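Biologist: Could you take me through one part of this model closely, beginning with a pair of packed helices and then moving outwards to whatever surrounds the sheet?

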Amino acid sequence: MKRRTLLATGGAAALVGGAFALNLSSPQNGLLVGMANAQSDTPADPAAIPDMVIGAADAPVKMTEYASFTCPHCADFHATVWPRLKADYIDTGKVQFTYREVYFDRFGLWASMMARCGGEMRFFGMADMFYDKQREWTASGDPATIAQDLRKLAKTAGLTDEMLDACMNDAAQAQNLVAWFESNAAEDEITSTPSFIIDGTKYSNMSYEDMSKIIDDAIAG
């Protein structure tokens with residue numbers, strides 16, 4: 001399966017020839033369909049969305065991952081590379097890691113909103129869960145079934161129906177998230193997922209061994 005690629009052609013989050021094409025100039029039209037009861041009348045504010053960060057603030061290496069909860073290669077990274085990266089570099093204070101969501105479709109946006117609904121303390125645990133179960137909750141392709149399956153997963157992490165209802169009907173949050181993604185992707189020239197920014201340099205998907213060498217070289221200066 002090909003790595004998912006953002007294309008600045010066609011409609012917002014449109015499915016083109018088996019791959020998702022995203023127009024970064026106006027992504028909200030497609031992504032917000034069926035998300036909240038109505039779009040907010042307030043202009044989107046990307047600055048209202050906080051980064052999700054794990055690791056020591058004084059870590060010598062700063063790393064950002066751009067990924068989508070519906071991207072199979074992102075799920076593979078989180079199943080194979082992420083546990084070693086976290087144990088060897090994040091938990092040891094060598095890397096401060098920031099996770100930034102990319103939205104190819106409304107399902108990825110829904111997963112993002114649910115993960116953020118649990119707050120920063122729950123976010124990374126929920127992200128791991130959504131990736132671990134990605135094949136299951138995306139399998140049907142049916143929006144209602146996917147929404148229900150995501151809710152079931154979120155509730156296993158301690159979120160209540162009341163919390164999820166409030167988060168998933170927050171039109172302003174949905175618009176802010178899409179605008180935040182758009183701004184980040186444009187600034188860092190993100191064209192595919194997963195992508196990584198390590199101490200200011202962009203990299204595409206890679207093995208743990210290659211990533212480890214880049215981090216070690218950065219630490220060594």
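Modeller: Helix 4 and helix 5 are oblique to each other, because their axes cross at roughly 140 degrees and an angle has to be over 145 to count as roughly antiparallel. In this predicted model, helix 4 covers residues 106-117 and helix 5 covers residues 119-132, and their axes come within 7 Å. On the side of helix 4 the contact is made by Ala111, Met114, Ala115, Arg116 and Cys117, and on the side of helix 5 by Gly119, Phe123, Met126 and Phe130. Sorted by class, this contact of helix 4 with helix 5 has seven nonpolar residues, one polar and one charged.

A second helix pair can be set beside it. Helix 7 (residues 143-156) and helix 8 (residues 161-168) have axes that come within 10 Å and cross at roughly 125 degrees, and therefore helix 7 and helix 8 are also oblique to each other. The crossing in which helix 7 passes helix 8 is right-handed. Arg151, Ala154 and Lys155 of helix 7 meet Asp161, Leu164 and Asp165 of helix 8, and by class the contact of helix 7 with helix 8 has two nonpolar, no polar and four charged residues.

Turning to the sheet, the model has an open sheet of five strands in the order 3-5-4-6-7, with mixed pairing. Its edge strands, each pairing on one side only, are strand 3 (52-54) and strand 7 (201-204), and neighbouring strands of this sheet are turned by 20 degrees against each other on average, direction ignored. Strand 3 runs antiparallel to strand 5 (residues 95-101), and three bridges join the two; valine 53 has threonine 98 in strand 5 as its bridge partner.

Two further helices lie across these strands. Helix 3 (residues 82-90) lies across strand 3, strand 4 (61-67) and strand 5, and runs at about 145 degrees to strand 5. Helix 10 (residues 208-220), in turn, lies across strand 4, strand 5, strand 6 (195-198) and strand 7, running at about 150 degrees to strand 4.

Helix 3 and helix 10 are also linked by a salt bridge, in which arginine 84 pairs with glutamate 209 and the closest N and O atoms are 3.4 Å apart. Arginine 84 belongs to helix 3 and glutamate 209 to helix 10, so that the pair, 125 residues apart, links distant parts of the chain. The structure as a whole holds nine salt bridges.

Notes:
Residues are numbered from 1 along each chain as its sequence is written. This is a predicted model: local features need pLDDT of at least 70, side-chain atom pairs count only at pLDDT 80 or more; totals for chains, interfaces and linings use all residues. Side-chain values use heavy atoms; hydrogens and water are left out. Two strands pair if DSSP finds at least two bridges between them. Helices (H or I, at least four residues) and strands (E, at least two) are DSSP runs, numbered from the N terminus. Axes are lines fitted to C-alpha atoms, for helices over the stretch in contact, and angles run from 0 to 180 degrees between N-to-C directions. Contact means heavy atoms within 4.5 Å. Angles under 35 degrees count as roughly parallel, over 145 as roughly antiparallel, 65 to 115 as roughly perpendicular and the rest as oblique. A crossing is left-handed if the near helix is turned anticlockwise from the far one by less than a right angle, and right-handed if clockwise. Ala, Val, Leu, Ile, Met, Phe, Trp, Tyr, Cys and Pro count as nonpolar, Asp, Glu, Lys and Arg as charged, and the others, Gly among them, as polar. A salt bridge is a side-chain nitrogen of Lys or Arg within 4 Å of a carboxyl oxygen of Asp or Glu.
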